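Me: Please take a close look at one loop and what surrounds it. Keep the sentences short, and explain each step.

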Amino acid sequence: EFDWTSWYDEAEKYQKQPNFIGDADLETIIKLLTTHMRADRFCSGHLASVLDNGHLLKILERLAEIRKGLSS
């Protein structure tokens, strides 16, 4: 179980400093994705915003890096 509302401030740090995503571990990436998906339920357009500004792409790229590292 994950209380995304209490972690929202941490998620904002990654949004304000996208270079932090490059060092994020799998648990953090999952938390970021969960937080953005849940936030969109309460704030229509949130997900579109993180798509438009490239934040979601950075998260997915980091997820791909982590996956590649697991298969090595």
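Reply: Start with a term. A helix here is a DSSP run of H or I with at least four residues, and helices are numbered from the N terminus. Ile-21 lies in the loop between H1 and H2. Keep in mind that this is a predicted model.

Is Ile-21 buried or exposed? Its relative accessibility is 1%. Buried means under 20%. Ile-21 therefore counts as buried.

What does Ile-21 touch? Leave out residues up to four places away in sequence. The contacts are then Tyr-14, Ile-29, His-55, Lys-58, Ile-59 and Arg-62. Another residue shows how the chain folds back here. Leu-63 is 42 residues from Ile-21 in sequence, yet their C-alpha atoms are 9.6 Å apart in space.

Now widen the view. Ile-21 belongs to the largest nonpolar core, which has twelve residues. Among the others are Tyr-14, Ile-29 and Ile-59. Trp-7, Leu-33, Val-50 and Ile-66 are also included. Helix H1 (4-16), H2 and helix H4 (55-71) each supply at least two residues of this core. There is a general trend to compare with this. In soluble globular proteins, nonpolar side chains tend to be buried together.

Take Tyr-14 next, a contact of Ile-21. Tyr-14 has a relative accessible area of 12%, so it is buried. Tyr-14 is also a member of one aromatic cluster, together with Phe-2, Trp-7 and Phe-20. Trp-7 is in the largest nonpolar core as well. Phe-20 is partly exposed, with a relative accessible area of 39%.

How do aromatic rings pair in this model? A search of the whole structure finds five aromatic pairs. One of them is Trp-4 with Tyr-8: the ring centres are 6.5 Å apart and the planes stand at 70°, so the pair is edge-to-face. Both residues lie in helix H1, four residues apart, which is about one turn of the helix. Trp-4 counts as buried, because its relative accessibility is 14%. Tyr-8 is at 25%, so it counts as partly exposed. Tyr-14 and Phe-20 form a pair too, with ring centres 6.2 Å apart and planes at 85°, so this pair is also edge-to-face.

Return to the contacts of Ile-21. Arg-62 is one of them. Is Arg-62 buried or exposed? Its relative accessibility is 17%, so it counts as buried. Arg-62 also has a charged partner. It forms a salt bridge with Glu-65, and the closest N and O atoms are 3.0 Å apart. The two are three residues apart in helix H4, so about one helical turn separates them. Glu-65 is partly exposed, with a relative accessible area of 46%.

How many salt bridges are found in the whole structure? The search finds three. Helix H1 holds the pair Glu-10 and Lys-13, three residues apart. Their side chains meet at 3.4 Å, N to O. Glu-10 is partly exposed at 30% relative accessible area, and Lys-13 is partly exposed at 45%. In helix H2, Lys-31 and Glu-27 are four residues apart, so they too are separated by about one helical turn. Their side chains meet at 3.3 Å, N to O. Lys-31 has 21% relative accessibility, so it counts as partly exposed.

Now follow His-55 and Ile-59, both contacts of Ile-21. Which other residue touches them? His-36 touches both, again leaving out residues up to four places away in sequence. His-36 is found in helix H2. Its relative accessibility is 1%, so it counts as buried. Its other contacts are Gln-15, His-46, Leu-47 and Val-50. Val-50 is a residue of the largest nonpolar core. By the same sequence rule, Val-50 touches Gln-15, His-36, His-55 and Leu-56.

End at the surface. Ile-30 lies in helix H2 (residues 26-42). It is partly exposed, with a relative accessible area of 47%. Leu-26, Ile-30 and Leu-70 form a nonpolar patch on the surface, and together they have about 300 Å² of accessible area.

To recap: Ile-21 is a buried residue in the loop between H1 and H2. Its contacts include Tyr-14 and Arg-62. Tyr-14 leads to the aromatic cluster, and Arg-62 leads to a salt bridge with Glu-65.

Key
Residues are numbered from 1 along each chain as its sequence is written. This is a predicted model: local features need pLDDT of at least 70, side-chain atom pairs count only at pLDDT 80 or more; totals for chains, interfaces and linings use all residues. Side-chain values use heavy atoms; hydrogens and water are left out. Patches are made of residues with over 30% relative accessible area and no salt bridge: like charges are joined within 9 Å, nonpolar side chains (Val, Leu, Ile, Met, Phe, Trp, Tyr) within 5 Å. Accessible areas come from the Shrake-Rupley method with a 1.4 Å probe; for residues, only the protein chains shown count as cover. A salt bridge is a side-chain nitrogen of Lys or Arg within 4 Å of a carboxyl oxygen of Asp or Glu. Buried means under 20% relative accessible area, exposed over 50%, partly exposed in between (1.4 Å probe, protein chains only). A nonpolar core is a set of buried Ala, Val, Leu, Ile, Met, Phe, Trp, Tyr and Cys residues joined through side-chain atoms within 4.5 Å. Contact means heavy atoms within 4.5 Å. Rings of Phe, Tyr and Trp (its six-membered ring) pair if their centres lie within 6.5 Å; planes under 30 degrees apart count as stacked, over 60 as edge-to-face and the rest as tilted.
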